[in-house]
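User: I would like to learn how to read a structure like this one, feature by feature. Please give the general idea each time, then the case at hand.

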Amino acid sequence: MLKLVLNFGFCKGCYVGDQGLAAVGKVCNQLEDLNLRFCEGLTDTGLVDLAHGCGKSLKSLGIAACVKITDVSLEAVGSHCKSLETLSLDSEFIHNKGVHAVAQGCPLLRVLKLQCINVTDEALVAVGNRCLSLELLALYSFQQFTDKGLHAVGKGCKKLKNLTLSDCYFLSDMGLEAIATGCKELTHLEINGCHNIGTMGLESIGKFCRNLTELALLYCQRIGNLALLEVGRGCKSLQALHLVDCSSIGDDAICSIAEGCQNLKKLHIRRCYKIGNNGIVAVGEHCNSLTELSLRFCDRVGDEALISIGQGCSLQHLNVSGCHQIGDAGIMAIAKGCPELNYLDVSVLQNLGDQAMVELGKGCPLLKDVVLSHCRQITDVGLSHLVKNCRMLESCHMVYCPGITAAGVATVVSGCANIKKVMVEKWKVSERTKRRAGTVISYLCVDL
């Protein structure tokens with residue numbers, strides 16, 4: 001049976017009104033996926049008519065920035081869309097009543113994403129009590145949710161696998177502990193800017209959620225090393241870890257993850273200033289399956305860390321932008337040990353020079369994307385060695401590299417048959433290079 005999808009999100013600036021949506025409800029009785037975004041002409045009348053017409057087939061509904069759609073629409077959805085599996089709401093005009101109606105009327109709901117500032121614990125309690133098949137829950141920018149709501153979810157939603165908590169200021173360790181003890185099938189967890197969630201809450205995740213495969217901690221100042229020590233001990237299946245601005249997490253935590261989660265494939269760290277060589281060396285020693293490593297602006301990480309990674313891992317993606325202690329030795333170790341590398345960002349590395357470019361050209365022929373911007377020691381000579389052997393290169397960013405001249409830019413354009421994008425200062429692109437590039441290359445020209 002043909003799946004019918006309507007995405008009005010692409011109709012920004014077009015008037016989609018009640019009559020149009022009602023007509024869809026009458027004619028498209030196999031409609032499964034409906035995305036309403038910025039449809040300012042719609043009111044409850046249109047969506048109610050659609051729910052009456054094709055509610056039996058509807059499986060996915062998204063509502064965002066539709067200022068005239070209220071709880072009345074969601075009550076119709078709850079009454080007529082018994083097969084609904086996915087609901088995404090981004091609205092200031094939806095309240096508890098609407099969410100409660102969906103929770104009560106849509107027993108097959110598996111995915112729920114809410115960004116509704118007027119929805120409170122009452123709605124989340126209804127979800128926990130009614131949506132027993134829920135697998136993914138994402139809560140964004142809630143200032144009225146408390147641990148009471150998470151307790152209900154932990155008690156009722158035993159199939160929950162994916163949880164995102166973003167800018168939910170009144171959630172605490174107690175709420176996260178309720179999730180951990182109740183939703184033991186959890187595989188993906190993201191905590192973003194929830195400032196009252198700390199070490200204790202995440203420790204409970206490590207103790208009870210043994211199937212966790214992906215963990216993202218963003219702007220979590222109160223989560224410290226002990227939390228990741230517990231995750232390292234308990235979550236042996238962890239494959240991806242993302243840390244951003246977590247000022248209390250250091251090398252001890254990363255060593256624990258490396259030793260306990262040896263199936264780790266992705267490690268992305270940004271601005272975690274307590275993490276240095278010791279933690280990343282441990283990753284190189286224990287996590288041989290690692291393919292993606294990002295250490296943006298971790299200024300305590302140096303060559304010693306990358307030498308260990310080069311010896312122990314076969315990376316495909318590496319980003320060490322802003323890691324000022326990394327120089328030629330570290331990147332040369334990557335070049336020798338990671339022949340499958342296809343993405344490299346070494347921007348703002350003041351100590352990186354041509355020698356590293358030579359070795360990258362020799363050792364990493366699969367490179368497609370290279371970011372060299374703000375590398376003051378790299379010259380046309382190093383760039384020519386890189387281009388000579390990296391025949392698959394598609395993108396090269398080299399803004400504010402004083403050693404790279406118009407000749408170097410011309411080398412990239414002429415020597416890379418697959419090149420699609422060059423980022424460089426406008427004055428470094430000669431007229432001949434412009435003509436040669438034609439319309440294939442997308443230039444971002446930056447004037448000094």
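Analyst: Start with the secondary structure: the chain has 17 helices and 18 strands. Keep in mind that this is a predicted model.

User: What box do the C-alpha atoms of the chain fill, and what share of its residues count as buried?

Analyst: Taken along the principal axes, the box is roughly 70 × 55 × 40 Å. Burial is judged by relative accessible area, with under 20% counting as buried. Of the 448 residues, 55% fall in that class. Contacts add to the picture: among those between residues at least 6 apart in sequence, 77% join residues at least 24 apart.

User: Why is helix α4 described as largely enclosed by the rest of the structure?

Analyst: Count the buried residues of the helix. Helix α4 covers residues 96-105, and seven of its 10 residues are buried, so the rest of the structure largely encloses it. The buried ones are Asn96, Gly98, Val99, Ala101, Val102, Ala103 and Gly105.

User: What covers the buried residues of α4?

Analyst: The cover includes two helices, α3 (71-80) and α5 (121-130), and two strands, β4 (86-90) and β5 (111-115). The packing can also be read from the side of α3, where Asp71, Ser73, Leu74, Ala76, Val77 and Gly78 are buried. Those residues of α3 pack against α2 (44-54), β3, β4 and α4.

User: How much space lies in the largest pocket, and which residues lie nearest its centre?

Analyst: A pocket is read by its volume and then by its lining. Here the largest pocket holds about 210 Å³ of space. Its lining has 18 residues, with Gly62, Ile63, Ala64, Ser88 and Leu89 nearest the centre. Strands β2 (31-37), β3 (60-64), β4 and β5 are the elements that each give two or more residues to this lining. Sorted by class, the lining has eight nonpolar, six polar and four charged residues.

User: How many disulfides does the structure hold?

Analyst: A disulfide is a covalent bond between the sulfur atoms of two cysteines. In a model, look for a pair of cysteine sulfur atoms within 2.5 Å. This structure holds zero disulfides. For Cys81, the nearest cysteine sulfur belongs to Cys106 and is 6.3 Å away. For Cys255, the nearest is that of Cys287, at 10 Å.

User: Are Cys81 and Cys255 buried or exposed?

Analyst: Cys81 counts as buried because its relative accessibility is 0%. Cys255 is also classed as buried, at 18% relative accessibility; the cut-off is under 20%.

User: How many aromatic pairs are there?

Analyst: Ring centres within 6.5 Å make a pair, and planes under 30 degrees apart make it stacked. The count is one aromatic pair. Its rings are those of Phe142 and Phe145, whose centres are 4.1 Å apart and whose planes meet at 20°, so the pair is stacked. Both Phe142 and Phe145 are buried.

User: Where is Ser166, and which residues is it in contact with, leaving aside its neighbours within four places in sequence?

Analyst: Place the residue in its element, check its burial, then list its contacts. Ser166 belongs to strand β7 (residues 162-166). Its relative accessible area is 9%, so Ser166 is buried. With neighbours within four places in sequence left aside, Ser166 is in contact with Leu139, Tyr140, Ser141, Phe142, Asn192 and Cys194. One of these, Phe142, is also a member of the stacked aromatic pair.

Key
Residues are numbered from 1 along each chain as its sequence is written. This is a predicted model: local features need pLDDT of at least 70, side-chain atom pairs count only at pLDDT 80 or more; totals for chains, interfaces and linings use all residues. Side-chain values use heavy atoms; hydrogens and water are left out. Rings of Phe, Tyr and Trp (its six-membered ring) pair if their centres lie within 6.5 Å; planes under 30 degrees apart count as stacked, over 60 as edge-to-face and the rest as tilted. Buried means under 20% relative accessible area, exposed over 50%, partly exposed in between (1.4 Å probe, protein chains only). Contact means heavy atoms within 4.5 Å. On a 1 Å grid over the protein atoms alone, a cavity is a set of points where a 1.4 Å probe fits but cannot get out, and a pocket is an open set with protein on both sides within 12 Å along at least five of seven lines; lining residues have an atom within 4 Å of a point. Grid points are joined across faces, edges and corners, and a volume is the space filled by probe spheres set on the points. Ala, Val, Leu, Ile, Met, Phe, Trp, Tyr, Cys and Pro count as nonpolar, Asp, Glu, Lys and Arg as charged, and the others, Gly among them, as polar.
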